[in-house]
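Welcome! Below are some short exercises, each followed by a worked solution. Take a look at the sequence and the 3D view before you begin.

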Amino acid sequence: PDGDICACGNRGCLETVAGSEAIVRKIQAHAAPGDALEFGFDRQTLTLDQVIELAARGYGLAQLAIREAAEAVGRALAPILMVLGIRRVVCVGSLVKAGDGLLKPLEADLRQRCLGPLNRQLEVWAYAGEANVYARGAAFAALRQHFQGPGSRRTPGVPAVKDL
């Protein structure tokens with residue numbers, strides 16, 4: 001309730017702490033002038049891709065911003081996973097380019113917040129392809145399995161989860 005105001009007009013949305021713009025703003029607001037010179041970036045024109053590159057090159061503030069975004073997603077996602085019994089999380093979007101800098105803290109946060117046996121069965125995956133198509137397919141496959149159960153028959157023309 002006391003979070004930043006979101007572009008949607010609400011306050012404290014996940015986008016305000018874990019979205020691309022929020023991550024970039026965090027670096028712009030907290031980077032020391034010497035950091036920009038040492039790591040070779042312009043605070044005014046910084047992009048998410050540059051933040052990811054900076055994190056890969058060992059810039060601690062960029063690594064922290066990505067880790068904090070992952071943990072915020074974990075806090076928001078864990079209750080949903082527990083209620084629905086979802087064991088596989090597929091991350092899509094620009095931030096997945098951060099690789100383990102995103103996935104490891106997200107998985108660790110989810111394992112900590114989810115109760116066993118779910119926390120031991122949890123898988124966190126990344127998909128760097130075209131996000132909308134894959135996300136729709138993954139959501140359909142997960143919901144079909146959840147509501148129809150394991151071993152449910154495939155719908156003709158719809159790929160199996162492993163085919164996605």
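Helices (H or I, at least four residues) and strands (E, at least two) are DSSP runs, numbered from the N terminus. This is a predicted model, in which local features need pLDDT of at least 70 and side-chain atom pairs count only at pLDDT 80 or more, while totals for chains, interfaces and linings use all residues. Residues are numbered from 1 along each chain as its sequence is written, and side-chain values use heavy atoms, with hydrogens and water left out.

**Exercise 1. Get an overview of the chain.**

Task: Find how many helices and strands there are, and in what order they run.

Solution. Step one is to count: the chain has 8 helices and 2 strands. Step two is to read the order from the N terminus, which is α-α-α-α-α-β-α-α-β-α. Step three is to ask how much is hidden. Buried means under 20% relative accessible area, exposed over 50%, and partly exposed in between (1.4 Å probe, protein chains only). By that rule, 31% of the 164 residues of the chain are buried.

**Exercise 2. Describe a pocket.**

Task: Work out which residues line the second largest pocket and what kinds of residue they are.

Solution. Begin with the term. On a 1 Å grid over the protein atoms alone, a pocket is an open set of points where a 1.4 Å probe fits, with protein on both sides within 12 Å along at least five of seven lines; lining residues have an atom within 4 Å of a point. Grid points are joined across faces, edges and corners, and a volume is the space filled by probe spheres set on the points. For the second largest pocket, that volume is about 190 Å³.

Next, list the lining: D4, I5, C6, A7, E15, T16, G19, S20, E21, A22 and R25. Then look for the elements behind these residues. Helix 1 (15-18) and helix 2 (20-30) each give at least two of them, and helix 2 has the largest share, with 4 residues.

Finally, sort by type. Ala, Val, Leu, Ile, Met, Phe, Trp, Tyr, Cys and Pro count as nonpolar, Asp, Glu, Lys and Arg as charged, and the others, Gly among them, as polar. The lining then holds 4 nonpolar, 3 polar and 4 charged residues.

**Exercise 3. Follow the salt bridges.**

Task: Say which parts of the chain are linked by the pairs E68 and K26, and K97 and D49; then place the pair E107 and R111.

Solution. A salt bridge is a side-chain nitrogen of Lys or Arg within 4 Å of a carboxyl oxygen of Asp or Glu. The general idea is that side chains of opposite charge can pair when their charged atoms come close. The whole structure has 7 salt bridges.

- Take E68 and K26, whose side chains form a salt bridge at 2.5 Å, N to O. This pair links distant parts of the chain, since E68 sits in helix 5 (residues 60-84) and K26 in helix 2, 42 residues apart. E68 is partly exposed at 31% relative accessible area, and K26 is also partly exposed, at 25%.
- Move on to K97 and D49, which meet at 3.2 Å, N to O. K97 is in the loop between strand 1 (88-92) and helix 6 (100-113), while D49 is in helix 4 (residues 48-56), 48 residues apart. K97 is exposed at 52%, whereas D49 is partly exposed at 42%.
- End with E107 and R111, a salt bridge of 2.6 Å, N to O. Both belong to helix 6, and because they are 4 residues apart, about one helical turn separates them. E107 is partly exposed at 24%, and R111 is partly exposed at 27%.

**Exercise 4. Look at the end of helix 5 and beyond.**

Task: Find where V83 lies and whether V83 is buried or exposed.

Solution. First, V83 lies in helix 5. Second, V83 is exposed, with 69% relative accessibility. Third, measure across space: V83 and C114 are 31 residues apart in sequence and 9.9 Å apart, C-alpha to C-alpha.Fourth, turn to P117, which is in the loop between helix 6 and helix 7 (118-121). A cis peptide bond joins G116 and P117, with omega about 0°. In general, most peptide bonds are trans.
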